Each structure stands twice: as structure tokens, then as C-alpha cells.
2 protein chains.
Amino acid sequence: MKNRLAEYRKKHALSQDKLADHLNVSRQTIISIEKNRYSPSLPLAFEIAKTFGVLIEDIFIYEEEEES
Amino acid sequence: MKNRLAEYRKKHALSQDKLADHLNVSRQTIISIEKNRYSPSLPLAFEIAKTFGVLIEDIFIYEEEEES
DNA sequence: CCTTGACGTAAAGGAAACTTTACAATAGAA
DNA sequence: TTCTATTGTAAAGTTTCCTTTACGTCAAGG
């Protein structure tokens, strides 16, 4: 799973902190998603997409993941 | 968060068991999502949408949730 | 009847997502 | 230089997602 969160965030001139506030999550969560440490929950993915006025599919690019 | 998983599953003539197998998750997971006990992870949401050839937004309908 | 398939519940345990706190590094502005 | 904003790391704890196991119900077919 790739994502373009940092890209969209910068395009909208938001800091990680401001975005986290807006989404009601911690800054750590934003960092973790941007750095691809994990995927957001589906509700959070919806909130993110809504924030930028796009589809979930525009920000999050799904690719088969290798299983552990 | 509403979802139309059961609807899409039936439209494709799949049992919960077959769908679970196809998605590599347990039948409990399918039941829990259909019965709205929780939302799927984003990767699973992608797999589900892919299975039915639609967008995540077609199956999962986001609505502001009341916070505990 | 009895069996089988499909759907449902419950509970305990593990894994993934998210929080809070604390601290470090850099860049730009005063 | 010093201050502030921004991004980053790490660790410990909670909540949500998902698994496994076991069992209950109902309908359809033998």
C-alpha cells in the first residue's frame, strides 16, 4: 500500500500537526501513515479523503502485499 | 459507517464462507463486517472492492460517527 | 426423520492501529 | 545566537480488528 498523504497535505499547505488536529488523531498517526508504517483504519481513510475532496483511491494506492 | 457487503456478496452468489476464503480472512470477519460490528482495515476494504469490481465508496458508506 | 449448508452468537487470544509522552534535529526568522 | 515551527524517533499502553474454537438455529433434500 502506497500513499500520497504527504503530497496532498503539502498541496493544501498543512503541517502534520494541523492535519492531525483537523482529523482528530495524533501527530504520530499522521507520521506513521506518511512513513508507511501502517495503513489507516477505513474511517480515518474516509476522513482523509474528505479533507482533500478526493476519493480514498486517489490517496491510497493498493498493491498486493507479501504475507509474513 | 454503513456497508452493502451482504448485498454485493449475494449479488455475486457467494456464501460468507466462500467470500472469506477468497479474501483470506475468517468467516467471523465477514459476519462482523456485514453486521456492522466493526469496519474492515483499509487493505481488506480494497480487497473487497476489488472482488466486486467497484470502488470502496460503493460498498462502504461513510457517515460521521458519534464518539464514545 | 437425519444430514448438510448457510448464517448466527460468544469468548479468549493475537496482531494492527492509535495514543501519549519525551526527546532530537533541522531550518528560518527575530 | 536564540526562538519557534516542523519533522522525526522511540517506547509503553489502549483500542480496534481479526482469528480460532465451539456451539445454536433454521431451511432444504435425502
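Student: Which helix of chain A gives the largest share of the surface near DNA strand D?

Tutor: This is a predicted model: local features need pLDDT of at least 70, side-chain atom pairs count only at pLDDT 80 or more, and totals for chains, interfaces and linings use all residues. Residues are numbered from 1 along each chain as its sequence is written, with chains lettered from A and ligands numbered from 1 in the order in which they are written. Near means a C-beta atom, placed from the backbone, within 6 Å of the strand. The largest share, 3 residues, comes from helix 3 of chain A.

Student: Which residues come nearest to DNA strand D?

Tutor: There are 17 residues around the strand. They divide into 5 nonpolar, 9 polar and 3 charged. Nearest come A:S15, B:S26, B:T29, B:Y38 and B:S41.

Student: Which helix of chain B gives the most to the side that touches chain A?

Tutor: The contact takes 14 residues from chain B and 14 residues from chain A, with contact meaning C-beta atoms, placed from the backbone, within 7 Å. Helix 4 (42-52) and helix 5 (56-59) of chain B each supply at least two residues; helices are DSSP runs (H or I, at least four residues), numbered from the N terminus. With 4 residues, the most comes from helix 4 of chain B.

Student: What relation links chain B to chain A?

Tutor: A turn of 180° and a shift of 0.0 Å along the axis lay chain B on chain A, with an RMSD of 0.0 Å. The superposition is by least squares on C-alpha atoms of residues with pLDDT of at least 70 in both. That is the relation of a two-fold axis.

Note on methods. Contact = placed C-beta atoms within 7 Å. Nonpolar A, V, L, I, M, F, W, Y, C, P; charged D, E, K, R; others polar.
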